[in-house]
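Q: I have a protein model open and no idea where to begin. Can we go through it together, one feature at a time?

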Amino acid sequence: MQLTPRREGFLLAGCVALFLLLAGVRAWDHTHPYYDDVGFLDLANQVHDLGGPFALVKGLYAGTWTEDNRNPLYVGVLSLVAGRDHGFHTRGRILTILIGVLALLAWWRTVRRHAGPGPALVLAAFLAASETFVEYSGRESAEPLLLLLWAGAVSTIILGLERPFYWLAAGCLAGLAQLDKGSGIFLVFCFAAALLLWRGPRALRDPWAWGMGLAFLAAASPLLVRNLRVFGSPLHHWNNRLVWIDRLPDYAEIYAPGAFDRLPHGFLDWARKTSWHEIWFGRGVMGVAETAVHLGDAMSFVAPSPLGPVHIPGVVLGFIMLVLILRWLYQSPPSFIRTFLLVQAAFFIAFFWFFSVAGGSSRYVFPMTLCVYAALAVALASHPIWLRRWAAVAGVCVVLALALDPFPRQLRPGYAEAGAWLEQNLRPETYAVDSRSQFEPEWFLPASNRMEIVSSTWQRKPLQPDVLLPWFRKKNVRYVVIDPASHKDSEPRSFFFDHSRLPEGLREVWATPSALRIAEVLPPKSAAPEAARAR
């Protein structure tokens, strides 16, 4: 089929419309924010309270903004629509979907510029129906903005082969990507390694190549300077402490009382405490299996529910396609683009296999798999029979995802009422939620109300009152939210789930039938009279 400009525009508009439909449905499914969503919303509110994105940049250079888990760029953008009201979640989802549209168009433009309109439309269609892209565009996440910047960086890297000054722009975009997420620096590493492999030692004498690195440092300098001033390392990240540990049975258990005191502190401590079984099976076998699942997921189309009957075949097919396209790239004629894609794939796979002991996700590898999918799009566009089969599979996945969507699109029982009770009754006090609960109200409660996230288990065993209650008192927790819906792999995870009644030291102050309960943490008996007088 010949692509006229009018037909191409019509098909591109169809891809955007499909993405808006699928991402809109997924956003509708996310009736309440939880986990990372809440983290982004709360941080955006903090930036809004500071005075906005410019105040955030000043705080980074001054070292007063010390958040080291979520990078600041998306937080700053999200702060433009922030507010401690229940509508903020809706505004955040809309903003992220719009950034997703820009990312889709940026990748279409990048592939069209370097491979032609056919492959560009194939990639745009994949993005419109990608499980990973749709999922993380329908909630508060940094991924769509990262992909927008990644597209620009890849495009300017390729343009720099003929006009090297474009590498300065590539460095700036990579720096902004680093401000958005910690993997932005991978662009610089992969570019440098690919250029060195392609040109040999001559690459070390290229001033424009060094210029990319300097441009990266300049663009990422707010974060790099803050990290150096506050934490002593420009590449510091909260997750760095989880590199040298054995595989966690549940990532949420890092919020258990004293969890980091129980985990190894660095390589030598880990080497003394680990076992050969943890090395070959925990890091080796389990790491390979988990990484393969995430790679296949990143290559898959939308599905009604994660790792369900529709999704699992898509993950398997996605992993097979990734292996085949990497093999095809390896056997292709030498070129810098081929070298860059293979180096990037090897780096991402090795890095996230190694880091999988602390947990993984398809979104971590998605920038790499999307670049590989661009190569697949080139192959599909030149083989009409393959393309029709690919389109048929995509169509079936979209129909099933819409027809079998299992989400009720309403808040879980008790969530609205519990949030209202906390709004009315909390003074400037601390409350605690378990680390597997999806009820995390800090994004709409006043900043003076501190939320403590605490795991109810360690090594999958329930923590007892003699551990949790002293920890609550140490953290000055006034109220504990007990959520029976908390679970991990169908196992309960609410506080004291192994007790038939509240333990001594807690007093129920609010409850709904078979749903949330809120309990007050009582002082120890010896301190009760003094605490009562103080209150």
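A: Sure, and keep in mind that this is a predicted model. Let's begin with a strand that has both faces covered: in E1, Thr-430, Ala-432 and Asp-434 on one side are buried, and so are Tyr-431 and Val-433 on the other.

Q: What does that say about how E1 sits in the structure?

A: Buried here means under 20% relative accessible area. Five of the five residues of E1 (residues 430-434) pass that test, so the strand is largely enclosed by the rest of the structure.

Q: Which strands pair with E1, and in which sense, parallel or antiparallel?

A: Look for bridges between strands, then check which way they run. E1 and E2 (residues 450-454) run parallel and are joined by five bridges. Tyr-431 is a handy marker there, standing opposite Met-451 in E2. E1 also pairs with E5 (residues 477-482), again in the parallel sense, over four bridges. In that pairing, Ala-432 faces Val-480 of E5.

Q: Where do I find an antiparallel pair?

A: Go to E8 (residues 506-511) and E9 (residues 517-521), which pair in the antiparallel sense over five bridges. Ala-511 stands opposite Arg-517 in E9. The two strands form a hairpin with five residues between them, and Ser-514 takes a positive phi near 55 degrees there.

Q: Which other residues have a positive phi?

A: Phi is a backbone angle, and its sign is what to check. Gln-459 is one case, with phi near 55 degrees, a positive value in a residue other than glycine. Gln-459 sits in the loop between E3 (457-458) and E4 (461-462). Asn-476 is another non-glycine residue with a positive value, near 60 degrees, and its loop lies between helix H21 (465-474) and E5. You can also find Gly-232 just after helix H12, with a positive phi of about 85 degrees.

Q: Are Gln-459 and Asn-476 buried or exposed?

A: Compare each relative accessible area with the cut-offs: exposed is over 50%, and partly exposed falls between that and buried. Gln-459 is partly exposed because its value is 44%, while Asn-476 counts as exposed because its value is 60%.

Q: How do I read a helix such as H12?

A: List its buried residues, then see what they pack against. In H12 (221-231), the buried ones are Ser-221, Pro-222, Leu-223, Leu-224, Arg-226 and Asn-227. They pack against helices H3 (53-62), H4 (72-78), H9 (166-180) and H11 (207-219).

Q: And what about a loop residue, like His-237?

A: His-237 lies in the loop between H12 and H13 (259-262). It counts as buried because its relative accessibility is 17%. Leaving out residues up to four places away in sequence, His-237 touches Asp-68, Asn-69 and Asn-71. The C-alpha atoms of His-237 and Glu-67 are 9.4 Å apart, although 170 residues separate the two along the chain.

Q: How do I step back and read the whole chain?

A: Start with the parts: there are 22 helices and nine strands. Next comes overall spread. For 535 residues, a compact globule would have a radius of gyration near 24 Å, and the chain's 25 Å agrees with that. Along its principal axes, the C-alpha trace spans about 80 × 50 × 50 Å. Buried residues make up 53% of the 535. Finally, of the contacts between residues at least 6 apart in sequence, 71% join residues at least 24 apart.

How values were computed: Residues are numbered from 1 along each chain as its sequence is written. This is a predicted model: local features need pLDDT of at least 70, side-chain atom pairs count only at pLDDT 80 or more; totals for chains, interfaces and linings use all residues. Side-chain values use heavy atoms; hydrogens and water are left out. Two strands pair if DSSP finds at least two bridges between them. The radius of gyration is taken over C-alpha atoms; the globule rule is 2.2 Å times the number of residues to the power 0.38. Buried means under 20% relative accessible area, exposed over 50%, partly exposed in between (1.4 Å probe, protein chains only). Contact means heavy atoms within 4.5 Å.
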